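Let's take a walk through this protein together. Have the sequence and the 3D view open side by side, and follow along as we go.

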Amino acid sequence: MRTILYTGKGGVGKTSVAAATALEAAEVGKNVLVMSTDPAHSLSDAFDTHIGPDPKEMATGVWAQEMDHTSMIEENWSEIQAYMSTVFEWQGANTLAAEELAMLPGMDELFGLLTVRRHHLESKYDALVVDAAPTGETLKLLSLPDQMNWYVEKILPIQRRAAKLVRPFANRAKSLPPLPQDSVFAAGQRFYEAIAGVEEILTDRENASVRLVVNAEKMVVAESRRAYTYLNLYDYGVDAVVVNRLLPDAITDPYFTRWRESQARHMKSIEESFSPIPILTARLFDREMYGLEALNALADDVFGDVEPLEMLFRGAAHDIVKDGDDGYEVTFNLPLADKKDVDLSKKGAELFVRVGGYRRNILLPDSLARLSATGASIEDGRLKVRLGDGS
Ligand SMILES: Nc1ncnc2c1ncn2[C@@H]1O[C@H](COP(=O)(O)OP(=O)(O)OP(=O)(O)O)[C@@H](O)[C@H]1O
Ligand SMILES: [Mg+2]
């Protein structure tokens with residue numbers, strides 16, 4: 001099943017574009033479910049009709065779903081309890097009320113992941129379009145499998161061994177809290193496997209991709225570049241960037257001249273940051289984009305002749321790997337045939353490169369911001385930049 005996850009800074013148009021994608025795909029006969037993992041649901045607003053926790057048909061072939069805490073907790077009770085047991089060990093996972101559970105950090109992300117997996121297991125649709133929360137939340141969601149992995153591999157076995165050793169004595173001493181039984185650990189393990197299953201679904205480059213929705217504005221572009229870097233690190237593929245709300249050429253009022261200039265500037269920076277990932281665009285419409293007609297118009301603008309469910313790009317614009325003990329290597333996916341002069345500069349977490357007519361700039365992960373660019377070379381048609389402490 002094809003899975004597309006839309007993310008981007010708050011308010012850029014994620015929900016509208018996700019809904020438009022489903023409508024466009026249904027035009028060619030696909031069955032698509034668009035589902036929101038963002039607790040601030042707005043699919044109902046976009047489709048201009050009430051949507052509940054059960055998938056509801058919006059148009060032929062298009063279903064929509066907004067997860068809600070209470071029904072998610074009921075449906076996933078055993079998995080959630082297992083999760084709670086893993087995270088909080090034996091400390092009263094059973095005694096927490098559903099509402100209290102819903103308040104715990106990470107729950108929305110967790111529900112999102114569990115639902116994605118359930119739809120994959122059920123396989124009722126050709127595609128799943130996920131309207132995810134703004135970038136930061138989504139990165140938290142997508143890093144969950146990695147964090148769980150660390151927890152399960154490093155911590156769980158130790159606790160389990162410790163519990164085995166101590167239990168015969170501890171359970172006799174009434175003043176101590178009961179130690180978890182092996183079954184608790186087994187449940188935690190099962191839950192972890194469910195989460196790992198979601199990671200497998202979302203990092204499957206044949207079928208799953210993330211699309212970044214942006215506006216041609218300074219802060220929006222900065223956030224999406226950072227998000228892209230982290231998505232790469234977690235191994236999630238990005239197959240398109242959607243630039244929404246571009247001023248149409250028809251607007252010639254001088255009031256908008258500076259807006260147009262700054263949009264052009266940011267558009268260039270978007271190309272330098274994400275190329276060769278395809279960039280799709282949509283204009284700023286003369287109205288809010290809710291209801292089927294408006295969403296179809298938005299879909300036409302975004303996709304034109306592009307098939308909305310197609311994997312529009314495979315691979316990465318850049319890649320960061322460890323190089324030796326204290327260095328890193330950043331590889332840029334540039335179609336470079338021969339050796340050219342490479343211009344490198346770095347300012348904080350930003351790395352700028354220029355090779356011939358190509359310019360690229362990326363935001364490095366925070367942990368690499370202190371390193372310097374120590375050299376560059378072109379190998380196998382790719383530009384490789386080395387980062388080290390420069391001494
Ligand atoms: N191209 C466009 N032209 C005009 N209005 C638009 C366009 N795209 C989106 N909108 C409108 O902008 C508003 C925000 O869009 P939307 O809800 O899709 O953004 P979002 O990124 O999902 O926001 P949030 O971060 O709050 O979830 C909505 O009222 C929507 O109708
Ligand atoms: Mg939204």
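How many residues does helix α10 have, and how far does it reach from its first C-alpha to its last? Keep in mind as you look that this is a predicted model. Helix α10 covers residues 257-274, so 18 residues, and spans 26 Å from first C-alpha to last, close to the 26 Å expected at 1.5 Å a residue. Its buried residues are H266, I270, S273 and F274. Looking down the axis of α10, you'd find these buried residues within an arc of 70°, so they line one face of the helix. That fits a general rule: an α-helix has 3.6 residues a turn, so residues three or four places apart point the same way. Turn to the face of α10 that looks away from the buried side, and you meet the exposed residues T257, E261, A264 and K268.

What do the buried residues of α10 pack against? Their partners are β6 (208-214), α9 (218-233), β7 (238-246), β8 (279-283) and β13 (358-363). One of these partners, α9, lies across β1 (2-7), β6 and β7, and runs at about 165° to β6.

Several of those strands belong to an open sheet of eight, in the order β3-β4-β2-β5-β1-β6-β7-β8, with mixed pairing. At its edges are β3 (56-59) and β8, each of which pairs on one side only. On average, neighbouring strands here are turned by 25° against each other, direction ignored. For a closer look, take β2 (residues 32-36) and β4 (residues 62-66), which run parallel and are joined by five bridges. Within this pair, V34 of β2 stands opposite A64 in β4.

V34 also turns up in the largest nonpolar core, which has 74 residues; A19, A22, V32 and V34 are the ones that touch the most other members. Which helix gives the most to this core? That's α1 (residues 14-27), with eight residues. To get a feel for the packing, click on V32: leaving aside residues up to four places away in sequence, its contacts are A22, A25, A26, G61, V62, Y125, D126, A127 and V129. There is also a second, separate core of eleven residues, with V353, L363, L364 and V385 among them.

Now for another helix, α11 (residues 292-303). Its twelve residues reach 16 Å from first C-alpha to last, close to the 16 Å expected at 1.5 Å a residue. Buried here are L295, L298, A299, V302 and F303. Seen down the axis of α11, they fall within an arc of 110°, so they line one face of the helix. These buried residues pack against α1, α2 (43-47), β7 and β8. Right after α11 comes G304, with a positive phi near 50°.

Another glycine with a positive phi, near 75°, is G324, in the hairpin of β9 and β10, which has three residues between the strands. Strands β9 (residues 318-323) and β10 (residues 327-332) run antiparallel and are joined by six bridges, with H318 opposite F332.

Last stop: an open sheet of three strands, ordered β11-β12-β13, with antiparallel pairing. β11 (342-347) and β13 stand at the edges with a single partner strand each, so one side of each has no neighbour in the sheet. Neighbouring strands here are turned by 10° against each other on average, direction ignored. Six bridges join β12 (residues 350-355) to β13, and V353, a member of the second core, stands opposite R360 in β13.

Definitions and conventions. Residues numbered from 1 in each chain as written. Chains lettered and ligands numbered in written order. Predicted model: local features only at pLDDT ≥ 70, side-chain atom pairs only at ≥ 80, totals over all residues. Core = buried A, V, L, I, M, F, W, Y, C linked by C-beta atoms within 7 Å. Buried ≥ 20, exposed ≤ 12 C-beta atoms within 10 Å, placed from the backbone. Helix = DSSP H or I, 4+ residues; strand = E, 2+ residues; numbered from the N terminus. Contact = placed C-beta atoms within 7 Å. Pairing = 2+ DSSP bridges. Expected span 1.5 Å × (residues − 1). Arc of directions from axis to C-beta. Axes fitted to C-alpha atoms, helices over the stretch in contact; angles between N-to-C directions.
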